[in-house]
Each structure stands twice: as C-alpha cells, then as structure tokens.
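Let's take a walk through this protein and look at how some of its side chains meet. Keep the 3D view open as you read.

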Amino acid sequence: MSFPIFKLPKLPPMKYLAAFMALSLVVSAFGQELIELEWIDNQPMSTADVQRAESGEIYLASTIYNNPEDTAAAIAMKFNANLELEWAKQLRTFNDDDFGSVHILSDGNILYGGGLGAFFSPLLGGSLYKVDPDGNVLWSKVYPGSDDDRISEIFELNNGELLLANRRGVSNQPTFFLHTDSQGNILEQFTLTYEDQALKPTSMTFDGTNFYAASRVFNDALEPVLLLMAFNLNEVIWAKTVNPGQEFSSGMIFPKPNGGFSVLGRIVDEESVFN
C-alpha cells in the first residue's frame with residue numbers, strides 16, 4: 001500500500017491534529033486542513049491516538065474489529081515524513097486486543113497502550129508495549145484488571161519514569177493512574193478526586209512539570225460542569241470549575257507555547273446548527 005507524496009510544513013509536533021477515523025487520515029494545523037488521505041480496506045478500523053516525531057515520522061495506534069468475528073486486533077502503524085506507510089504490525093496477545101494510546105519516548109522508541117478483553121482469558125486489563133522504530137517488540141506488560149481497562153494516556157516524566165492513565169469505558173468507573181519505572185513496573189497507583197467525586201478525565205496533558213486534566217463533574221445543583229485541574233504525582237495543585245451553561249464534552253487539552261493551556265471540546269446547542 002502506498003500514498004501520494006505530500007510535504008508537511010515544519011511545525012512543532014503539538015501543532016498537528018490528526019485522526020485516522022473511518023479509514024481517513026486528516027492532518028491539520030490550528031484547524032486548517034492540510035492533507036486528507038483515505039485507505040480503503042474491507043475491515044472496520046478506528047484509531048485512538050497519533051504521535052508525530054521531530055523527524056516527521058507518524059505513529060498510529062489503531063484497532064481492527066471483527067477480525068475474525070467478535071474479536072479485535074491491535075495494530076501499530078508507522079508512516080514516514082512523506083505520509084507513506086512504512087509498516088503496520090499486529091501486536092497480539094489473546095483474541096480481543098485494542099489500542100488506546102501511543103507515545104514517542106526520549107530514547108526514540110515507542111510505547112503503545114491499550115487493553116486485553118478476551119472473555120475466556122485469566123489475564124485481563126490494561127496493556128503496554130514498547131517497540132523500536134522498526135516495530136520490533138522490546139517488552140510488553142499487562143496490568144491485571146477487567147476487560148474494561150484501557151491505557152488511554154501515556155506520559156514520560158523527566159527522569160524516564162512513566163505515568164499511565166487507565167480509563168474505563170462501559171463500566172463508568174473512575175480512571176486510575178499507574179506510576180511506573182521506565183520498564184513499566186508499577187511504583188504506585190492512585191485516582192483523582194474532587195469534592196468526593198472520583199474523576200474520569202476525558203483529556204490530559206503534561207508540560208514537563210505539571211499534569212493538566214479536564215473532566216466532567218457535577219456542582220451542588222447537580223448540573224454538569226467542566227473541571228480543570230493541575231496536579232503532580234503527589235498532590236492536586238489547583239482545581240477550578242467552569243459552567244458552560246449547556247451540555248458539553250471536552251475532547252482535548254494541550255499546553256500553549258506562551259504558557260497556560262487550551263481546551264477543545266463540543267457544546268450541544270439546540271438553537272444552533274453548529275454543535
């Protein structure tokens with residue numbers, strides 16, 4: 001499989017927003033679409049995360065469903081700077097694996113996070129793979145839990161240790177965090193709370209010093225509000241709520257080059273065609 005050759009402008013990696021949904025790759029900067037490609041295949045695929053290296057390579061964490069029927073396969077993909085596919089590999093353990101995140105490490109290798117959900121398996125929970133730039137698996141971990149666990153966020157700390165966000169899906173349980181060493185071995189586990197509400201952050205980011213998270217909580221009037229929080233591994237630094245006054249969801253939070261951060265999301269406005 002090959003794609004037409006396109007040249008990307010040299011922008012910092014965090015200024016790219018990409019998605020591989022419904023077999024479509026869209027690359028944009030600040031909301032302006034730059035490239036749109038399609039890969040036609042006969043199996044349903046979705047991509048949960050994408051990372052772009054300083055040198056231009058793009059890594060995707062994807063999942064193919066019903067392969068075979070009633071199963072899922074975790075697929076790691078790499079494109080070169082010209083958006084030509086270099087490799088696509090299935091990182092398989094049992095028969096119902098999926099991916100939720102990808103992160104490029106400071107040593108040039110790549111971490112893929114996901115979940116194992118095979119109903120008959122004694123080993124269920126979040127999964128983590130470390131691969132080299134050629135897609136060869138260096139090591140893998142499974143963090144025992146349930147078939148609803150999924151490593152959805154991966155952060156590398158300044159000392160090489162990792163923070164993994166294990167987000168639950170259909171069970172609506174709070175997200176729990178795994179602080180591990182550089183080899184994925186657990187050092188501690190914790191959850192975040194706000195006014196006795198266990199949090200399920202929908203988006204997170206790390207500026208090299210602190211973590212920032214956006215989550216949906218309820219105020220005293222039982223209205224949904226947006227909670228913004230800064231924390232480190234030991235404590236919550238600050239937490240503030242914002243009431244948009246309308247139904248909403250937060251989809252992305254990221255640091256700004258001049259300080260602070262931005263939150264992107266979706267507001268449901270019944271009086272507007274723009275939701």
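Start with D107, which counts as partly exposed because its relative accessibility is 45%, and partly exposed is the band between the under-20% and over-50% cut-offs. Bear in mind as you look around that this is a predicted model. So who does D107 team up with? Its partner in a salt bridge is K130, and the closest N and O atoms of the two sit 3.0 Å apart. This pair joins distant parts of the chain, 23 residues apart: K130 belongs to strand β10 (residues 125–131), while D107 is in the loop between β8 (97–104) and β9 (110–116). Unlike its partly exposed partner, K130 counts as buried, because its relative accessibility is 9%.

How many salt bridges does the structure hold? The count is 2, so let's visit the other pair, K78 and E86, whose side chains meet at 3.5 Å, N to O. Is K78 buried or exposed? K78 has 7% relative accessibility, so this lysine counts as buried. E86 comes out as partly exposed, because its value is 43%.

Now switch from charges to rings. Searching the whole structure turns up 10 aromatic pairs. One of them is F155 with F206, an edge-to-face pair with 6.4 Å from centre to centre and 70 degrees between the planes. Why does this pair tie together separate parts of the sequence? It does so because F155 lies in strand β12 (residues 151–156) and F206 in strand β18 (residues 203–206), parts that are 51 residues apart in sequence. Both of these phenylalanines, F155 and F206, are buried.

F211 and F231 meet in another way: their pair is stacked, with 20 degrees between the planes and 5.4 Å centre to centre. Here, too, distant parts of the chain are linked, since F211 sits in strand β19 (residues 211–218) and F231 in strand β20 (residues 224–231), 20 residues apart. F211 is buried, with a relative accessible area of 2%, and F231 is buried as well, at 0%.

Zoom out a little and these four rings turn out to share a group: F155, F177, F190, F206, F211 and F231 form one aromatic cluster.

Last stop: places where a lysine meets a ring. K89 lies over the face of W87, 5.7 Å from the ring centre. Then find W238, where K240 lies over the face of the ring at 5.7 Å from its centre.

Definitions and conventions. Residues are numbered from 1 along each chain as its sequence is written. This is a predicted model: local features need pLDDT of at least 70, side-chain atom pairs count only at pLDDT 80 or more; totals for chains, interfaces and linings use all residues. Side-chain values use heavy atoms; hydrogens and water are left out. A salt bridge is a side-chain nitrogen of Lys or Arg within 4 Å of a carboxyl oxygen of Asp or Glu. Buried means under 20% relative accessible area, exposed over 50%, partly exposed in between (1.4 Å probe, protein chains only). Helices (H or I, at least four residues) and strands (E, at least two) are DSSP runs, numbered from the N terminus. Rings of Phe, Tyr and Trp (its six-membered ring) pair if their centres lie within 6.5 Å; planes under 30 degrees apart count as stacked, over 60 as edge-to-face and the rest as tilted. A charge sits over a ring if NZ of Lys or CZ of Arg is within 6 Å of the ring centre and within 35 degrees of the ring normal.
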